[in-house]
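Please look through the model below before reading on. The paragraphs after it move from the interior to two sites at the surface.

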Amino acid sequence: ERSRVADMMVFCLDHSEAADEIVDCIAESLGILQTPVPVKVARLYLVSDVLYNCSSCPVPNSSYYRKGFEAKLPDLASHLHDTLKAITGRMRAEQFKRQIMSCLRSWEEWALYAPQFLIQLQNNFLGVTSSLPIVEDPSTPRAIP
């Protein structure tokens with residue numbers, strides 16, 4: 001499995017001019033509830049590898065992956081929550097939960113996204129809803145009406 005994930009990561013970086021389409025394809029495949037859990041985990045690891053490598057390598061257009069996945073990840077985290085709820089065995093569910101949380105922690109360590117965004121992803125995955133408003137980062141530029 002690891003070598004297949006590595007091969008796909010190389011494919012993604014080699015074809016970064018098609019980042020939007022590749023992100024859509026990966027996101028769609030992660031959103032299918034019937035996809036076997038190990039396949040979903042492998043695909044999330046692919047996302048993680050692509051994000052890590054596109055932030056550290058000088059491949060043209062690779063930065064589009066970060067932006068593309070950022071738009072998809074909140075919904076993907078919710079889909080992964082649905083997958084977690086659908087797992088029947090407690091031990092299998094805990095293993096899946098550990099794998100996803102480990103991936104999110106890695107993204108935090110790598111500083112791929114803002115901490116508030118990663119908290120949102122974690123909450124979506126865990127099915128936690130908050131009545132607190134999301135505080136916007138004041139350094140984020142806003143469109144002027």
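What follows is a short guided reading of this model.

The model is predicted, so that local features need pLDDT of at least 70 and side-chain atom pairs count only at pLDDT 80 or more, while totals for chains, interfaces and linings use all residues. Residues are numbered from 1 along each chain as its sequence is written, and side-chain values use heavy atoms, with hydrogens and water left out.

The largest nonpolar core comprises 40 residues, where such a core is a set of buried Ala, Val, Leu, Ile, Met, Phe, Trp, Tyr and Cys residues joined through side-chain atoms within 4.5 Å, and buried means under 20% relative accessible area, exposed over 50% and partly exposed in between, with a 1.4 Å probe and protein chains only. Tyr-65, Phe-69, Phe-96 and Trp-107 have the most contacts inside this core. At least two of its residues come from each of H1 (2–14), H2 (19–30), H3 (37–56), H4 (63–86), H5 and H6, helices being DSSP runs of H or I with at least four residues, numbered from the N terminus; H3 gives the most, with 9 residues. Beyond its neighbours within four places in sequence, Trp-107 is in contact (heavy atoms within 4.5 Å) with residues including Leu-44, Val-47, Leu-73 and Leu-118.

Glu-21, in helix H2, is exposed at 54% relative accessibility, and its C-alpha lies 10.0 Å from that of Tyr-65, although the two are 44 residues apart in sequence.

Ala-111 sits in the loop between H5 (90–109) and H6 (115–126) and is likewise exposed, with a relative accessible area of 59%. Although not a glycine, Ala-111 has a positive phi of about 55 degrees. Most residues other than glycine have a negative phi.
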